[in-house]
Every structure is written in structure tokens, then in C-alpha cells.
Amino acid sequence: MRRGTFSCIDGHTCGNPVRLITSGHPNLLGSTMSEKRQHFMADFDWIRQALMFEPRGHDMMSGAFIYPPTTEDGDASVLFVETSGCLPMCGHGLIGTITFALQAGLLQPKVEGELKIDTPAGRVNAQYLRSGEHVEWVKLFNVPAFLAYEQVVIDVPDLGQLTVDISYGGNYYIIVEPQQNFPGIDKWSASDILTFSPKVRNAVNQKLKCVHPEDPTVQGASHVLWTGRPKQSDSHAANAVFYGEKGLDRSPCGTGTSARMAQLHAKGKLLAHEPFIHESFIGSQFIGCIEGITEVAGRVAIQPSIRGWSKVTGTSNISVDDSDPYAFGFQV
Ligand code: PYC
């Protein structure tokens, strides 16, 4: 039977939606969040489709379930659901999840101000600041990020040739910097980004295979990160991140910021411990930082952090009943 009622806390992180699902959790098999993610995708993807797509969600919708920790010292685990699938890691989603859960009393940290979260991509530690009933900000210490491929030349239908880098920050990002056939996001509209991103993603995934060297279940260049001149004078860089079929991140994208810092570091353009204020397409900001240098399967990787804020917009009880022809959503 594919039906149920799901209680949710809805809100946003720096403009991008976060739906924290607080009831209706399926029982997931596996001893790690990566294994539980596989089980969810195999047997429960209908829940993601129902809660993320129209008419109950929309193109940008992004959500999460909190589970008990899968490690001895962990405080909690998080499973991410989104229009594009079950992400191994989602930065804006985790900042929102932590904020909403702390404010609603759904997380009890062992040490006030600190959390250890198990995600499908690995351990993400967090710090946060409470002010009364509110959480002012959350800083994530994300999984190691690394530049996977450099200077990949692709032919993009209706646009021409582009040279791109591919970097991992919890998901694989195709990074497009201004060049002959791309003037920068400041000169492009949202509709340009939505038109060309799927073509860029197809061209890259036809040419090469991205597989995480330590977890082969994490694969495929799923997101496109376009860059350009920031709008705000204190931003160091700006981006527009495309995901799913029509998603344009309203936040500066946590995993995208991590991937971008890894790319800039590998090219000698960003040093460890320098603040990196990253701006989204709507002008909202995350503060990123390279906290240290590590390695992933023999390659140099960075230990990224991202700080941002979230706000609750409401609560909902969403019913899904398979007698509704649109129970599992649609995209137009
Ligand atoms: O913040 O990591 C992120 C993210 C991924 C997709 C949309 N936002």
C-alpha cells in the first residue's frame, strides 16, 4: 500500500525550500546511512515523489527525514529527499533540518552548540548558535571535497563548446566559469540556466563517469554550478546551481560551495582558513571556509565548512493516497 500522512515543518535556507518530514518514516534496513539510502530508493521512492513533486511540492522542493544515529558517537542521522532523487548530502537541507529540529525540540544534542550527524555521504559535524527559541545560524563541517576532473571540453547543443571542471562536495558538480560561449550568470537569465544546464549535464555524463572512490553508490555528475560576478560587494564569488529537471537553487548551495572551494583550492585560487562568502542567484550568502586539507583515496581533498541560516514558514500534514491519480506527483 502506498499511502500515508506525513507531518512536516516547512521553511527555507537562504531562500531555498526545506521540508523536514517529522512523521511517516519508513523503516530502513542497513547499518550505515548509505545502505539505508539504497533501501529507501529501492522500496520507498514513492514517498519522495509524493512529497517533492507537484501538486504537494514543486521543482525546487528539498526535504529530509531524521533517523537515530548509525554511529556510536552520533547525535542523529539524516536522509535527504529532493526532486532530483535522494542526495548523498545536501547543505542547505541540513542547515534547515538542524534549525527546524532544534527549534521544535526534535534533536537533543549531547553537547549544546554541537551536533554529529550521519549522512549517506558520511559524517557531518555541526555547530549552531541559539538565541532564545531561535537558531541564528548553523555551521556544517562537510565531508571532504575534491576536484575530480579538470578542463573537460564538451559540445553543448545550441550553445557550442564549453570547458568545465568537475568537483565533488557531497554531490558531483559540473563547474562552468565565464568563457567564450558563457558570459557569466550576471548576464544570463534564470531561463538561460534552466535551458542549458540539462544539455551540459548530458554532455558531461556521456563523456565521463563520476564515481566516488570510497562509495560507488555515489555516482554521476548531477548538478551544474554556473559562476559569474556577485551582486553584493562583500561576496567573494557567486553561483547559480541547477538540480533535478528544473531546480535553480535559491541558496548558495552547501555541497556546491564545498565543491567550488575544492576546485579553487586545487587551482591555487583559495587558501585554507580564508573566508569565502558565496552568493546565490537571488543574492543570499553562505560563509564557506577550508578548515584543513586531507585526502580521499590518495587525492588531495579539502575539509570544507559552510555557515548559513534558515527560517520556518509553517507546518503541514500531507496526505498521500494512491487513489489520487497525482499521488506521486508530476513535472511539466
Ligand atoms: O545546499 O547542498 C545543497 C544543495 C544541493 C541541492 C540543492 N541544494
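In this predicted model, the residues that form the shell around the ligand divide into three nonpolar, eight polar and one charged. The shell itself consists of N16, S62, C90, G91, H92, Y243, D249, S251, C253, G254, T255 and G256. Two elements, α3 (91-103) and α5 (254-266), each give two or more residues to this shell, and of the elements around the ligand it is α5 that gives the most, with three residues. With Asp, Glu, Lys and Arg counted as charged, the one charged residue of the shell is therefore D249.

From the ligand we can turn to the interior of the protein. In soluble globular proteins, nonpolar side chains tend to be buried together. Here the largest nonpolar core has 47 residues, and those with the most contacts inside it are L20, A64, V78, L79, L94, I98 and A126. A second core, separate from the largest one, has 46 residues, among them A148, Y173, I174 and I175. To follow one residue of the largest core in detail, I98 is in contact with L115, A126, Y128 and V138 when its neighbours within four places in sequence are left aside; A126, one of these partners, is itself listed among the residues with the most contacts inside that core.

The last feature to consider is a hairpin. Strand β8, residues 146-156, pairs with strand β9, residues 160-168, in the antiparallel sense, and eight bridges join the two. Within this pairing, L147 has S167 of β9 as its bridge partner. Three residues lie between the strands of the hairpin, in which D158 takes a positive phi near 70°.

Definitions and conventions:
Residues are numbered from 1 along each chain as its sequence is written. This is a predicted model: local features need pLDDT of at least 70, side-chain atom pairs count only at pLDDT 80 or more; totals for chains, interfaces and linings use all residues. A residue is near a molecule or strand if its C-beta atom, placed from the backbone, lies within 6 Å of it. Helices (H or I, at least four residues) and strands (E, at least two) are DSSP runs, numbered from the N terminus. A nonpolar core is a set of buried Ala, Val, Leu, Ile, Met, Phe, Trp, Tyr and Cys residues joined through C-beta atoms within 7 Å. A residue is buried if 20 or more other C-beta atoms lie within 10 Å of its own, exposed if 12 or fewer, and partly exposed in between; C-beta atoms are placed from the backbone. Two residues are in contact if their C-beta atoms, placed from the backbone, lie within 7 Å. Two strands pair if DSSP finds at least two bridges between them.
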